[in-house]
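Reader: I am new to this structure and would like a close look at one part of it. Please pick a spot, start there, and then show me how the surroundings fit together.

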Amino acid sequence: MSHQLATHPARPGGLVVAGGLIGTAVVAVAVNAAVAAIAHAAGASDDFEALQLPAYAVFTVFGVLAAAAAWAIIRARSAHPARLLRSLVPVVLVVSLIPDIAVGVSASRPGTSWGAVIALMVMHLVVAAIAVPAYRRLLPLPVAQD
């Protein structure tokens, strides 16, 4: 019985998970708001739409929820979820920066500057830094398999 407890940590209930994910999204949006404010104070244009609350809030909430779904699927289906996530999370994070870099290189959006693009990249890091620890608590991985 103790082996089972070690390999299958207690799972929070559905309401706890839902509330935790909402809280995670709210915290990530709030920290991203601070990043956007700092970027604007440092000279990023108000015309750069991606640093406006409606734009980054939607993408932040979507990112938190989509990543939670992927985490849950990997947790349920992978023979070694912790090992897979240790590799996959950094790769997905790096890949998520590619569109930001493309916007910076092309300057295709009004108000584009490298300061604004770097702020967007920091927002990706913020979401990962907030979400991954939350997923570990809300959607715990088996510990004995990896």
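**A loop residue and the helices around it**

Author: Let us start at A107, which is partly exposed because its relative accessible area is 47%. On this scale, buried means under 20% relative accessible area, exposed means over 50%, and partly exposed is what lies in between, using a 1.4 Å probe and protein chains only. This is a predicted model, where local features need pLDDT of at least 70 and side-chain atom pairs pLDDT 80 or more, while totals for chains, interfaces and linings use all residues. Residues are numbered from 1 along each chain as its sequence is written, and side-chain values use heavy atoms, with hydrogens and water left out.

You will find A107 in the loop that links helix 4 to helix 5 (114-138). Its backbone deserves a look: most residues other than glycine have a negative phi. A107 is not a glycine, yet its phi is positive, at about 50°.

Now step back to the whole chain. There are 5 helices and 0 strands, and the order from the N terminus is α-α-α-α-α. Helices here are DSSP runs of H or I with at least four residues, strands are runs of E with at least two, and both are numbered from the N terminus. Along the principal axes, the C-alpha atoms fit a box of roughly 60 × 30 × 20 Å. Of the 146 residues, 32% are buried.

Packed helix pairs are described by the angle between their axes and by the distance between those axes. The axes are lines fitted to C-alpha atoms over the stretch in contact, and the angles, from 0 to 180 degrees, are taken between N-to-C directions. Helix 4 (residues 81-106) packs against helix 3 at about 145°, and the two axes are 9 Å apart. W71, I74 and R75 of helix 3 meet P81, L84, L85, L88 and V89 of helix 4 there; contact means heavy atoms within 4.5 Å.

Helix 3 also meets helix 5: these axes come within 10 Å and cross at roughly 40°. On the helix 3 side, the contact residues include Y56, V64 and W71, and on the helix 5 side they include M123, V127 and Y135.

A further partner of helix 3 (residues 53-77) is helix 2 (residues 14-41), with axes that come within 9 Å and cross at roughly 140°. Among the residues that make this contact are L21, T24, A25 and A28 of helix 2, together with Y56, V64 and A68 of helix 3.

V64 ties this picture together. V64 belongs to helix 3 and is buried because its relative accessible area is 0%. Beyond its neighbours within four places in sequence, V64 touches L21, T24, A25, A28, V127 and Y135. V64 and T24 are 40 residues apart along the chain, but 7.4 Å separates their C-alpha atoms.

For a contrast, visit G43 in the loop between helix 2 and helix 3. G43 is exposed because its relative accessible area is 58%. From G43 to V17 the sequence separation is 26 residues, and the C-alpha atoms are 39 Å apart.
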